[in-house]
Structure formats: C-alpha cells, structure tokens
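Colleague: I'd like to go through this model with you and ask how each label was earned. Could you put it up first?

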Amino acid sequence: MMYQRWGDNRSYKTAFNAWEAYKAYKRGMTVYCNCPKTRCILNFPHEHLSPLDPSFGQIEVYNCCIVTDQTESSGLDSRTALAVRTREVGYFAGQAKKAGVEWWYDSLRHQRLDKTVRQFSDWYIHHIRYPPLMKVWYDKDGKYHDWPPAQYVKLGVIHRDSTGSPKWWTYNRPFLEKLHKLYNTEVQIRPSNQTSESINIPVLHKQLVAP
Ligand SMILES: [Zn+2]
C-alpha cells in the first residue's frame with residue numbers, strides 16, 4: 001500500500017508517518033527511512049533508504065515499511081520526472097505493493113510530487129493544522145513563538161478510487177505531543193545531505209575549477 005500525506009509545514013506529516021512506522025516496527029517489520037547523513041529522523045530502530053540512492057529502483061524489499069520524508073526533496077520532484085532515477089522509482093512503486101510494502105511519503109504540495117508516484121498512491125491524507133502558520137505567535141501569558149504551536153490537526157483521508165468526500169479525523173495537542181518522542185522535528189531534508197552521489201554544486205565547482 002502507498003500512502004501520501006500532503007499539507008503545510010508543521011502539520012505533523014512526519015509525526016504521523018513516524019507513528020505508522022513505529023507501529024510497523026512493533027509488528028516486527030523492518031522500517032526504512034530517508035534520514036539525512038547528518039541526523040536521523042526516527043528515534044527507534046530503522047534502516048536507511050532514499051529514492052536518491054542509486055539502487056532504490058532495483059532493490060527488492062518485502063513486507064517492510066518505508067518512510068520518505070519531504071519526498072519532493074528526496075529525488076521525486078515532478079520537475080525532474082524524466083530522470084532515470086524517477087523512472088526507476090515508478091517501477092519500484094508498481095512492484096512494492098505486490099511485495100507487501102507499506103510506503104508512507106509526504107510532500108508540501110501534491111503537484112510537486114512525481115506523477116507516477118502520485119498515481120500509484122492508494123490513500124491520500126491531507127493534513128491541516130490549526131492555527132495556520134503565521135509569522136509570530138504570542139501565548140496568553142505573552143510568551144513569544146516563531147510560529148504558533150498546533151492546537152490540533154485535521155486529517156482528511158480518501159482512497160484513490162473514492163467518489164465521495166474525504167473522511168476527517170481530528171487529533172488534539174496532547175496526542176500530538178506524544179508523537180514528538182518518535183522523531184526529531186528539526187531534521188531538514190535536502191537532496192545534498194542524503195547521498196554523496198547527488199550533485200553538489202559547490203563541491204563540483206571546486207573539483208572542476210580549483211582541484
Ligand atoms: Zn536514520
């Protein structure tokens with residue numbers, strides 16, 4: 001099964017993927033995640049796997065759980081869909097479901113995600129956080145935040161073939177805070193911090209111009 005989450009920053013997409021992965025881990029499944037080389041996203045045992053890995057499209061995985069955080073920054077941007085890598089991932093997506101793989105991935109914007117991967121998704125999950133992100137936030141006691149803490153998030157879940165409306169679920173602050181211990185909130189995903197194989201312009205420039 002393939003599950004796609006989309007929604008704004010800080011709408012708990014990674015948190016809920018971490019939660020699903022944790023449940024899979026508890027069921028005895030191997031969990032794979034596209035952590036950057038510098039710091040792990042998940043706080044429980046897992047292996048590393050990113051669509052940016054050269055072997056991603058060819059590896060054979062069975063009965064496991066894959067988490068791909070910020071998918072459009074992880075090699076599945078719709079704007080590079082013709083890259084060999086993206087095609088390989090499309091083939092992988094087609095095979096993964098037959099092999100009992102749970103693949104959870106998220107993105108900020110649905111359309112930014114490679115089309116093949118989007119079309120293979122079984123479930124779409126729309127995350128909406130309340131309050132929405134604003135520039136600054138002051139608590140009632142005057143405490144300052146760079147962004148408002150989420151009071152609750154709503155998840156709209158719909159199947160790819162559904163002709164109805166999404167079913168909505170609400171998760172409140174105390175539950176959201178429990179999820180924090182499953183993952184590191186501040187990990188950032190860049191193509192350049194996931195794999196040494198990806199093109200790093202400053203390094204490439206140094207190699208070509210100033211060896
Ligand atoms: Zn990791």
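What follows is a chat about the labels on this structure.

Modeller: Bear in mind that this is a predicted model. The protein chain has five helices and 10 strands.

Colleague: How do you know that tyrosine 12 counts as buried?

Modeller: Tyrosine 12 has 24 C-beta neighbours inside 10 Å. The cut-off for buried is 20 or more, so tyrosine 12 counts as buried.

Colleague: And why is arginine 10 called partly exposed?

Modeller: Around arginine 10 there are 18 other C-beta atoms within 10 Å. Buried needs 20 or more and exposed needs 12 or fewer, so arginine 10 falls in between and is partly exposed. Arginine 10 sits in the loop between strand 1 and helix 1, and tyrosine 12 has its place in the loop between strand 1 and helix 1 too.

Colleague: What makes the backbone at arginine 10 worth a remark?

Modeller: Its phi: arginine 10 has a positive value of about 60° although it is not a glycine. Tyrosine 12 has a positive phi as well, near 70°, and is a residue other than glycine. Most residues other than glycine have a negative phi, and most peptide bonds are trans.

Colleague: Which peptide bond is cis?

Modeller: The one from tyrosine 130 to proline 131, with omega near -5°. Proline 131 is in the loop between strand 6 and strand 7 (137–138).

Colleague: On to the sheet. What is the order of its eight strands?

Modeller: The order is 3-2-4-5-1-6-9-10, in an open sheet with mixed pairing. Strand 3 (47–48) and strand 10 (167–172) stand at the edges, because each has a single partner strand, which leaves one side of each without a neighbour in the sheet.

Colleague: How do you know that strand 2 and strand 3 pair?

Modeller: There are two bridges between strand 2 and strand 3, in the parallel sense. Pairing takes at least two bridges, so strand 2 and strand 3 count as paired. Cysteine 33, for one, has histidine 48 in strand 3 as its bridge partner.

Colleague: How many bridges join strand 2 to strand 4?

Modeller: Four, and the two strands run parallel. Threonine 30 has cysteine 64 in strand 4 as its bridge partner.

Colleague: What makes the sheet mixed, then?

Modeller: Set those parallel strands, 2 and 4, beside strand 6 (residues 123–130) and strand 9 (residues 152–159), which pair in the antiparallel sense over eight bridges. Arginine 129 stands opposite valine 153 in strand 9.

Colleague: Which strands does helix 1 lie across?

Modeller: Helix 1 (residues 13–26) lies across strand 1 (2–7), strand 2 (30–33), strand 4 (64–68), strand 5 (102–107) and strand 6. The helix runs at about 170° to strand 5.

Colleague: Which residues have the most contacts inside the largest nonpolar core?

Modeller: Ala21, Val31, Leu42 and Val67, in a core of 34 residues. Elements giving two or more residues to this core include helix 1, strand 2, helix 2 (84–96) and strand 9. Helix 1 gives the largest share, six residues.

Colleague: What does alanine 21 touch?

Modeller: Val31, Leu42, Cys65, Val67 and Trp104, not counting residues up to four places away in sequence.

Colleague: And what share of the protein chain counts as buried?

Modeller: Of its 211 residues, 34% do. Among contacts with a separation of 6 or more, 72% come from residues 24 or more positions apart.

Methods
Residues numbered from 1 in each chain as written. Predicted model: local features only at pLDDT ≥ 70, side-chain atom pairs only at ≥ 80, totals over all residues. Contact = placed C-beta atoms within 7 Å. Axes fitted to C-alpha atoms, helices over the stretch in contact; angles between N-to-C directions. Core = buried A, V, L, I, M, F, W, Y, C linked by C-beta atoms within 7 Å.
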